[in-house]
Structures are given as structure tokens and as C-alpha cells.
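Subject: Structure handover

Hello,

Below is the structure I said I would pass on. My notes on what was found in it follow underneath.

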Amino acid sequence: MTVQEIMERTGLKETGLAKAWIKDAVQIIRSSYPEHIKIDKQNIIDGEREYILPVDMISLLSVSIKDTNDSKYKKIRRVSNDIVVKEDTDPE
Amino acid sequence: MSFDTDRNWMYSLSGRHIHLWQWTETAATDTVGSYRVKLPSEYYGKQLIYPNEDIASGLRVEYTAFSEPFVVEALEDTSARYSASTIAFVDGGGGADTITDTANGFGDFGTTDKIRIIGSASNDGDYQLTNSAAGTLTVATGLFTAESLGESITIYQIPKAVADASVDESSHVNLNRMLSLAAVDYIRAQMKEAVGDLQGKEYCMREFWKKLGDNESNKRNISMSFPASPFAIK
């Protein structure tokens, strides 16, 4: 559906406002239902705990780690409670 | 070597970061001969530690993303798709890179389509075509790793985004028909709110959520069949 068709259906005259509201609607739709799913892969580094979440992420669906034993990505669990270890200065 | 990662790894979230933890059973050890032995009187326990090995592309995050809101053509029209094991990738060096198909199956692709490749050994990703013919798709230089045919590869068209400054009335919304109708309800709700008609706004937002729900349930239609009893009255 074109922007023009949406404007005609709603009776909206301002194109700029229509674009802004369409963007809002797309954002709400994307955050409510997993329509557009993406995969991001990062290298895991020995001794490094912190990895960045994708900048274009709306909602997180799953986190997996590669099992090098059988080359499969396996979904891992989220730690539900507060972790006692806040920083490990000797992670080996 | 990582193993049973679904049981030995965990994550936590901290702002824009994800923290990875490995669940280990630790003990003070010593090496006797070539054997590593656990010292019985020392500390022994289970704990979370930082990742203790390098794993190339080891972390995989699956997420919903904010895709481009406006595209060049309607989502329903981006239908070109082709799967075959006769597809090869050619690194053109200083010239354009190409995808070739010995079965000449690229006829549905347009000259400037945007495509996604899945199933290849090293060229999966999104690409912008610069030319197309039945046997060859052309992209810019320096994008492909040479790969001979043999893998079962799928290439399909994906919506081409419109640059933000170029969006006009002729641009298409990157949503299917049902979700576009939901967007219409959303805009109606905003217009009602702007004139202080909160009851009208609530009505339009209900219609908006109803269409979102319909769109989702349309994917989950199931059919149920029951064996007819020989004595059933029709």
C-alpha cells in the first residue's frame, strides 16, 4: 500500500505527518509481533564477558552459543537472579 | 572445545550489552605426571565464570529488527525466488562479481532488485543487483568469495528501501496488506486524538490491534479432521 493510498483512506493532507505516523505504526507492529527477524553473530573472546546487542534490535528472541563439539548453535538460558560475581579479575 | 553449551552457558542483560557466563565446577588442581588431579582439601564448588575460550562466530543473537518502513514496491510484488544446486559465485577481481546458474533460472529477477542469498558456503547475505540475465546476476566488485556450484542455494528478492529523504506519496509501506490497513487505523487514531476525540481514538486503536491479531492468527490456521462414524447421520 502506498503512502498516498493511506493518506486518501484517512483524509490526511500533510505528507510529513503521514510519514511520521506510518513510522510509528511500523515500530509498534514490529515490536508487537516478530515480523522481521534478524540474526547477529559475534566472536566469543577468551576472558571477555561483555558483548553488544545489535543496534537495530527491537526485541530479543533468543541467545545461542556454538557448540564446537557438533557445530550447532544451542539456545542458552537467561540468569534469572542477580549474579553475585560482579567482576572477575582472573577469569581462568 | 565448547560442549553442551545449552547447559553450560548462560547470559544476563545489562543495558545495551549482553553478559555471557559459563557454568563450571571448579577445584584447585595439580598435575601429576601427565594427569591433572583435583586436590581434595582445597576449595571446590560450582560457579559462573567469564567465557574461557575463543569461539569464532560463537554468539548468535536472534531478534526482531526495525526494518526500513518505506520500500520501492509493494511487499506482495517482491516475489522473485530461485533455488538450485547449479549456482556458482564468481569473484571478478577488479571487475564486477557475478552469480552464475548453468540452468539459466534467474529470469524472474529485475535489473536493480535487492536479493538475499541463503545456503551458500561463504556468500550468504543481502546484495544489490546491478544487472540481471537468465544465467547471470551481477553485483558490485569485491563482494563475493569464489564458490563453485554444488551447494543447494536459495536466492530471493527482498524489499528495496527508499532513502528517508526520498520518501514521497508513491513510496510503499514495508508491510503486507493487512498490516497496512492496521497502519491506516493507527493514523485515524492519531487524528482523532489530535482533535480531542478520545472515544474515537480508542475505537480506532481497538481496530488497529484487532487487525494485528488477525494478521498473526492468519499464519496459524489449522485444519482438524475427524473420522466419520459408520453410523453417522449426514
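In this predicted model, 59 residues of chain B are in contact with 68 residues of chain A. On the chain B side, at least two residues each come from helix 1 (5–8), strand 1 (9–14), strand 2 (17–27), strand 5 (44–49), strand 6 (55–65), strand 16 (172–173), helix 2 (177–194) and helix 3 (198–217). By type, the residues of chain B that touch chain A are 31 nonpolar, 16 polar and 12 charged.

The two chains also pair through strands. Strand 5 of chain A (residues 77–78) runs parallel to strand 1 of chain B, and two bridges join them. One partner pair there is A:R78 with B:Y11.

Chain A

Chain A has two helices and five strands, in the order α-α-β-β-β-β-β along the sequence. Its radius of gyration is 21 Å, whereas a compact globule of 92 residues would have one near 12 Å. The C-alpha trace of chain A spans about 65 × 30 × 20 Å along its principal axes. Of the 92 residues in chain A, 26% are buried.

Domains of chain B

The domain assignment divides chain B into domain 1 (5–49), domain 2 (74–158) and domain 3 (175–218). Between the C-alpha centres of domain 2 and domain 3 of chain B the distance is 39 Å.

Helix 2 of chain B

Helix 2 of chain B has 18 residues, which at 1.5 Å a residue should span 26 Å; the end C-alpha atoms are 26 Å apart, so the two values agree. Its buried residues are B:L179, B:S180, B:A182, B:A183, B:V184, B:D185, B:Y186, B:I187, B:R188, B:A189 and B:Q190. These buried residues pack against parts of both chains: helix 1 (3–10) and helix 2 (15–32) of chain A, and strand 16 and helix 3 of chain B. Just after helix 2 of chain B comes B:G196, with a positive phi of about 80 degrees.

Strand 15 of chain B

Strand 15 (153–158) of chain B pairs with two other strands of the chain. With strand 8 (residues 81–84) of chain B the pairing is antiparallel over four bridges, and B:A84 has B:I153 as its bridge partner. With strand 11 (residues 114–118) of chain B the pairing is again antiparallel, over five bridges; here B:R116 is matched with B:Y156. The covered face of strand 15 of chain B holds B:I153, B:I155 and B:Q157, while B:T154, B:Y156 and B:I158 lie on the uncovered face.

The loop before strand 15

B:T141 sits in the loop between strand 14 (136–139) and strand 15 of chain B. Is B:T141 buried or partly exposed? With 14 other C-beta atoms within 10 Å, B:T141 falls between the limits of 12 for exposed and 20 for buried, so B:T141 is partly exposed. B:T141 and B:D97 are 44 residues apart in sequence, yet their C-alpha atoms are 5.1 Å apart in space. Leaving out residues up to four places away in sequence, B:T141 touches B:G92, B:G94, B:G95, B:A96 and B:D97.

A hairpin in chain B

Strand 3 (residues 29–32) and strand 4 (residues 35–38) of chain B pair in the antiparallel sense over four bridges. B:T31 stands opposite B:R36 in this pairing. Two residues lie between the strands of the hairpin, where B:G33 takes a positive phi near 65 degrees.

Regards

Technical notes
Residues numbered from 1 in each chain as written. Chains lettered and ligands numbered in written order. Predicted model: local features only at pLDDT ≥ 70, side-chain atom pairs only at ≥ 80, totals over all residues. Domains from an automatic or database assignment. Contact = placed C-beta atoms within 7 Å. Nonpolar A, V, L, I, M, F, W, Y, C, P; charged D, E, K, R; others polar. Pairing = 2+ DSSP bridges. Expected span 1.5 Å × (residues − 1). Rg over C-alpha atoms; globule rule 2.2 N^0.38 Å.
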